[in-house]
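Subject: Structure for your files

Hello,

Here is the structure I said I would pass on. My notes on it follow below.

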Amino acid sequence: MQFKLDGTTRLHLLLIVGATFLAFGIVMTGYFIADDTWQLQFCYRVFHGEPALVIGNFFRSYLSLPSMDFYRPLLGLTYLVDYALYHTNAAGYYLTNILLAASAGVLLYFIARSLVPGIARRRAEMLAISSALLFVVSPLHCEDICWISGRADLLAAPLYFAAMLAAIYARDWSGGKIRWGNYITSLLFFALSLMSKESAVTLPLVVAAMFTLFPQAPYVPEETPPEPAAEADVAPTESLVKAPLVDPRRPVKGPKSGKKNRKKAAAPTESVDSSGEGTDSSQEASERSAPNATAKSGLQNEDSAKLPLLTRLRQFVLFMLPYGLITVSYLFVRQRALGSFIGGYTGDMGQALSKWLLFRWIDPLNLLRISYPVSKYTFHVFGVNVDQLPIFAFFGTVNAVIFSILIVRLFTQKIDLRLTIFLVLWLLASLIPLVNLWGLDASLHNQRVLYLFTAPFVMIVPSLLFVPKTGDRPLMSKYYFRLTKNAEDFFSEISLRILYVLAAALIVVSALTSYTWVLAGQQVKAIQTKTAQIINSMPDGPGKKMLVVSVPKDYLGAHVLMGGVNMLELLEPPFTPEHISQYMIGFQRALVGPGEPINSTRLKLELHDLAKPQAYFWEPERSDYKVVPYEFPAADQPQSIDLPIAANADEARQPGYWVADPTAKGECKIVDGVKTMTFHDLTLLGGDGMLISGLDINPLAYDYLSVDVSMPRAQAASGLYVSFDDNTDARAPFKEEPQVSKLVQVTKQVEGSEMKRARLNIKVSHFGQWYSYSHIRRLKISFSNIRAIGISNVSLSDERGLVPNLFVRDKKPRASGEYFCDDTPLKFVVNGALVKGATGCLVQISKVNQSWDTFLTEEVNGRDNVVKLAYTVPLDRGVAGFSFDPRAYAENGFYDVRVGLVNDKNERVSDWSDIITLYRPDPHGARAAFCADY
């Protein structure tokens, strides 16, 4: 491969690299976030006596991460290089990400130029620079570049593009011969890209499409003396605007029909490039250096096009065969390492993605967010969170101008659709690995999987603007509309400048979005520093514990700490000089899962072990912990309390009564002898509901908020939200998002009624934020996706009569709550003495890496598909003991155990207990690379 780095090319490359740093350079001031702690822990252990972990990545899933089957051995090597150079300086890791992104843009630039050798150099450069700029500055790349653990796509892309570029130059397209140096280079880069990320498996499809659509270079006739140019065709650049848009020499009538006439019209009588310029010697020389350029005369190209079909098919098969063999070999190695050809996310993550797969694919907002990739938090630095409409207006205006020019192009020149068709095929091929991952929310989460997708996506419009059919001016001279040379140049230059404006706007959006990732990193740094300070300031002893109930998983759309293991690793070397993670008692799920659900039974037990019962809640606005002290409930604390509904205006003015919010949408009625708050004309998007103030609730005393719900028969489901705080001002709005959310699906129908009713027991103590106040003064219940609803019989109660307690005997959990297990059976104890009607205990253990807390919904059909083993144990005076056969948790990973109480008819009469999580280390003795304790 040879590229002439003349002044224009060097300037373009400088623009690509500079734009990448302008868009994402701010992230170099950030810190490690989320899964980055896994990468640092892996590097630290490799450099401190465990080099075998590097080899393990070649024979097992990357870092041996449970519920994530990824074969990416090359990825780990890049982190080791960074660690050797930068240790724990996050700026160096981000610099590597930015350089990888810039190199991908540079390679895409050369790919774009190499695919269109038959057009004028200026047009080829326009296509290349506009495509590369739009690619490198795309806000869809923020998650890849601003998250060190998102590097897999950044590493795979330059290798993928290098393999593709080498494939273009590997074949002598005029004669069908193979340039073996370029060919072997392409195969090598393809293999390396596969070892970086599995999405590179689509390269053979892309190369095959290129081979098929570009069998040889476009036909370029031998030089003939150019006809004299009209004055309008040689006008100086500054007179472009004044030049006529339509050539006055055009004929009045279109071409005659007939095969012979069409052939004559297709054969140009002058030597032209696609913009109508005469082919000079310098242009010819530059085009001959391109891979698709005609190395010999046009007649030889014509002869090569006449090769027999079987000969061309044989060339195609022989050229593609090594790519296929590499792909098959990769899949075989992948199957041996992962036990699956496909891999990807498994367990609860895989199930969560699959559950809403169809909805994500048919959701039109996904296409809008890809076309206008602006997160709702992008402009947070200015104190506003904008919706999508203003963004659509701006980018829609720019795109409208671009498409207006494109329409003019379509009516005044023939477009070479081969390149556009190739890009569409490339785009479709890039979607294959995204089948289970497609979808973006308003914060553009999961955008990293679209990295390779964006390359053909951003090239489609420039290909239509800048790549006309070879010899289009002579061809269009037979039609009514033909632009002059000056007018064509004018539209091309205007198109390029508009694309520059679009790229500049995207640079601003990407830089602002990158800054939100910097803010998220600052949160992680503050959490690490504050936690270590608090632990180090505590006196040594058995009571040296710090209960951290809540840290953010997400901040302004950027990742913070995804799981409990991330929190533990922040308190281990290389982040801290000493191992202090054992003193931090956390309540997040170990690896992944929703941020709120906690084991409230475990929290209360841990509080009892402290001399001064208190817990810590991270507040991102202050970048500090809120310390919440508690008082244990008195022995005579009522098991439940009623929260009455205001029957009239006098009661509504008193504290301690539920009132409608807003008042105009609800009223108290007596329904079947019960005071019921009935609502009408509710806002479907949520917010309307009922609130109660003047309370004094000890969060340790009560666990359930119980309500009777009446819904129209036609209503399938509704969202129900609970908010609470300790504000004594009844008129003050709730500032934060609701702390508890439930999907209400009421199936019980009352005969003869137009309503369906059910009793809901919402375990508010299941959510960590319930304990974020020493005393709760106000509560609010709100609804979404429903116009009318009725609420009655509202009460608060403790858990003793509604749910059993589940414990593990003679074993202590890790600081993040997991119980390590081996071939020795674990012994469990269940206490459900106060649950009425209970005669037995239904015991369940999940499949490996599954979780019942992925969706906090009212159960209708249950989730038996995640259950590995279930059986019933009889209760003896409300107590039961049981253990599992160790074969039930023999596979490496995480398991959840829960119990529910049943009556003598095997009907469940209680809620499910808090979940106990087990972790089974690799039975073959291999330690997980993502955390030293696993």
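The protein chain exposes about 40,300 Å², and carbon and sulfur atoms supply 59% of that area. Accessible areas come from the Shrake-Rupley method with a 1.4 Å probe, and for residues only the protein chains shown count as cover. This is a predicted model: local features need pLDDT of at least 70, side-chain atom pairs count only at pLDDT 80 or more, and totals for chains, interfaces and linings use all residues. Residues are numbered from 1 along each chain as its sequence is written, and side-chain values use heavy atoms, with hydrogens and water left out.

Of the 934 residues in the protein chain, 56% count as buried (buried is under 20% relative accessible area, exposed over 50%, partly exposed in between, with a 1.4 Å probe and protein chains only). Among contacts with a separation of 6 or more, 79% are between residues 24 or more positions apart; contact means heavy atoms within 4.5 Å. The secondary structure comes to 25 helices and 27 strands (DSSP runs, H or I of at least four residues for helices and E of at least two for strands, numbered from the N terminus).

One open sheet has five strands in the order E21-E27-E26-E23-E24, with mixed pairing; two strands pair if DSSP finds at least two bridges between them. Strands E21 (819-820) and E24 (867-874) are at the edges with a single partner strand each, so one side of each has no neighbour in the sheet. Strands E26 (residues 893-902) and E27 (residues 916-920) run antiparallel and are joined by five bridges. Phe894 has Tyr919 in E27 as its bridge partner.

Phe894 also appears at the largest cavity, where Asp348, Arg589, Leu591, Val592 and Phe894 lie nearest the centre among 13 lining residues. A cavity is a set of points, on a 1 Å grid over the protein atoms alone, where a 1.4 Å probe fits but cannot get out; lining residues have an atom within 4 Å of a point. The volume of this cavity is about 140 Å³, and the structure holds five cavities of 30 Å³ or more. Grid points are joined across faces, edges and corners, and a volume is the space filled by probe spheres set on the points. The lining has five nonpolar, five polar and three charged residues (Ala, Val, Leu, Ile, Met, Phe, Trp, Tyr, Cys and Pro are nonpolar, Asp, Glu, Lys and Arg charged, and the others, Gly among them, polar).

Some backbone geometry should be listed too. Most residues other than glycine have a negative phi, and most peptide bonds are trans. Pro573 and Pro574 are joined by a cis peptide bond with omega of about 10°, and Pro574 is in the loop between helix H23 (564-569) and strand E6 (584-586). Asp661 and Pro662 are also joined by a cis peptide bond, with omega of about 0°; Pro662 is in the loop between strand E10 (659-661) and strand E11 (666-671).

Asp672, not a glycine, has a positive phi of about 55°. Asp672 is in the loop between E11 and strand E12 (674-679) and counts as exposed at 61% relative accessibility. Asp681 has a positive phi of about 55° and is not a glycine either. Asp681 is in the loop between E12 and strand E13 (689-692) and, at 53% relative accessibility, counts as exposed.

Regards

Methods. 1 Å grid on protein atoms, 1.4 Å probe; cavity = no way out; pocket = protein on both sides within 12 Å on 5 of 7 lines; lining within 4 Å.
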